[in-house]
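Me: I am in my first year and still learning to read protein models, so could you take me slowly through one part of this chain? Please look closely at the end of the chain and at what surrounds the story there.

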Amino acid sequence: MSRPSALRRPPYALPVGACAAALLLLTACGDTSGNAAHKDPAARAGATATAGVAGPPAEGARKRAAPAPHAPVVRPREIPALGPRTRAGIPASSKQVFVVTGDDYDSSLSTAVLYTRDNPALGWLPVTARWPAHNALNGWTDEHWENDLRTPVGVYGLTYAGGLFEPPETAFPYDRNPAFVASGEGFDGEPLEGSFDYVVAIDYNRTPGVTPLDPERPLGQERGGGIWIHVDHGGPTQGCISLPLDRMRELLSTLDPAKNPVVVMGDAEALER
């Protein structure tokens with residue numbers, strides 16, 4: 001005889017406490033969507049992308065996005081403290097410029113620097129230190145006249161040298177001549193002897209390419225002449241530029257007629273024009 005239905009046992013079921021324990025166990029060990037993402041960066045990135053948030057760009061994309069480097073712009077160097085008008089007076093063919101800058105319009109003190117332009121892309125570069133120099137007793141002038149005791153402002157060729165002594169090794173045309181003799185005293189009472197041991201003729205009111213002793217004055221005698229760069233005697237000149245003896249030797253050894261050298265000279269204010 002079968003047992004009454006009231007006595008039948010229900011289907012197998014865990015107690016309430018056991019169910020809670022089982023649920024905790026599943027959460028800790030079987031949640032592949034949560035812990036896998038923490039352990040696997042690729043899965044984490046995938047989950048982020050699935051959520052609609054952009055992930056980090058790929059390495060190739062970062063490289064493509066980088067801007068191309070720009071080459072620096074190198075401008076040719078200009079000779080400092082020369083204005084546009086003065087620069088315009090320098091011949092395009094000149095690769096050597098001897099710049100003589102007077103302290104003031106009425107001053108007999110100046111400084112000198114030799115520049116070269118061997119590489120047009122680099123422009124003008126100094127090849128000497130800043131040398132002390134003298135100019136005429138009364139300073140400078142834009143219009144030189146004989147015996148005004150001023151040095152003419154401007155850009156002039158340098159085409160011939162000479163002197164009492166044998167020159168240092170140089171490619172520059174040189175006239176060694178016993179006529180290069182100076183005597184007497186300068187404006188400060190200093191002896192002039194030795195002033196013409198070395199000279200470089202400045203092509204103001206003279207024929208370029210001939211000895212500094214040439215007497216011809218194309219502009220007329222009243223416009224003066226015989227403007228040279230010569231050995232300094234320790235005081236103002238009558239119209240020339242003077243440099244210490246060693247600097248004269250250095251200048252002669254550096255000047256190159258193939259570079260069409262010129263002198264740019266004047267007071268600082270005039271050269272800035």
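Reply: A good place to begin is Glu272, which counts as exposed because its relative accessibility is 51%, and the cut-off for that word is over 50%. Please keep in mind that this is a predicted model, and that every value here is computed from it. Glu272 is found in the segment that follows helix H7, a helix covering residues 268-271. On the surface, Glu272 joins Asp103, Asp104 and Glu269 in a patch of negative charge.

Arg273 is in the segment after H7 as well, and its salt-bridge partner, Asp142, is in the loop between strand E5 (140-141) and strand E6 (151-152), so this pair ties together parts that are 131 residues apart in sequence. In the salt bridge between Arg273 and Asp142, the closest N and O atoms are 2.9 Å apart. Which of the words buried, partly exposed and exposed describes Asp142? Asp142 counts as exposed, since its relative accessibility is 53%, whereas Arg273 is partly exposed, with a relative accessible area of 32%.

From Asp142 we can step to Thr141, which has its place in strand E5. Thr141 is buried, because its relative accessible area is 8%, and buried means under 20%. If we set aside the neighbours within four places in sequence, the residues in contact with Thr141 are Tyr105, Asp148, Arg150, Thr151, Pro152 and Val153.

To set the bridge at the end of the chain in context, it helps to look at other salt bridges, of which a search of the whole structure finds seven. One of them joins the side chains of Glu78 and Arg87, with a distance of 3.8 Å from N to O. Both of these residues are described as partly exposed, Glu78 with a relative accessible area of 47% and Arg87 with one of 31%. Another salt bridge is formed by Asp203 and Arg206, whose closest N and O atoms are 2.7 Å apart. Are the two partners in this bridge buried or exposed? Asp203 counts as buried, because its relative accessibility is 12%, and Arg206 counts as buried too, at 8%.

A further residue to find on your screen is Pro215, in the loop between strand E9 (199-202) and strand E10 (228-231). Pro215 counts as exposed, at 63% relative accessibility. Measuring along the sequence, Pro215 and Asn205 are ten residues apart, while in space their C-alpha atoms are 10.0 Å apart.

Finally, we can step back to the whole chain, which contains seven helices and twelve strands. Of its 273 residues, 35% count as buried. The accessible surface of the chain comes to about 16100 Å², and 57% of that surface belongs to carbon and sulfur atoms. When contacts between residues at least 6 apart in sequence are considered, 62% of them join residues at least 24 apart. With that wider view in mind, you can return to the end of the chain, where Glu272 takes part in the negative patch and Arg273 forms a salt bridge with Asp142.

Technical notes: Residues numbered from 1 in each chain as written. Predicted model: local features only at pLDDT ≥ 70, side-chain atom pairs only at ≥ 80, totals over all residues. Heavy atoms only, no water. Patch = residues over 30% accessible without salt bridge, like charges linked within 9 Å, V, L, I, M, F, W, Y side chains within 5 Å. Areas by Shrake-Rupley, 256 points an atom, 1.4 Å probe, with all protein chains shown as cover. Salt bridge = Lys/Arg side-chain N within 4 Å of Asp/Glu carboxyl O. Lys, Arg positive; Asp, Glu negative; His and termini not counted. Charge placed at Lys NZ, Arg CZ, Asp CG, Glu CD. Helix = DSSP H or I, 4+ residues; strand = E, 2+ residues; numbered from the N terminus. Buried < 20%, exposed > 50% of the residue type's maximum accessible area, 1.4 Å probe, protein only. Contact = heavy atoms within 4.5 Å.
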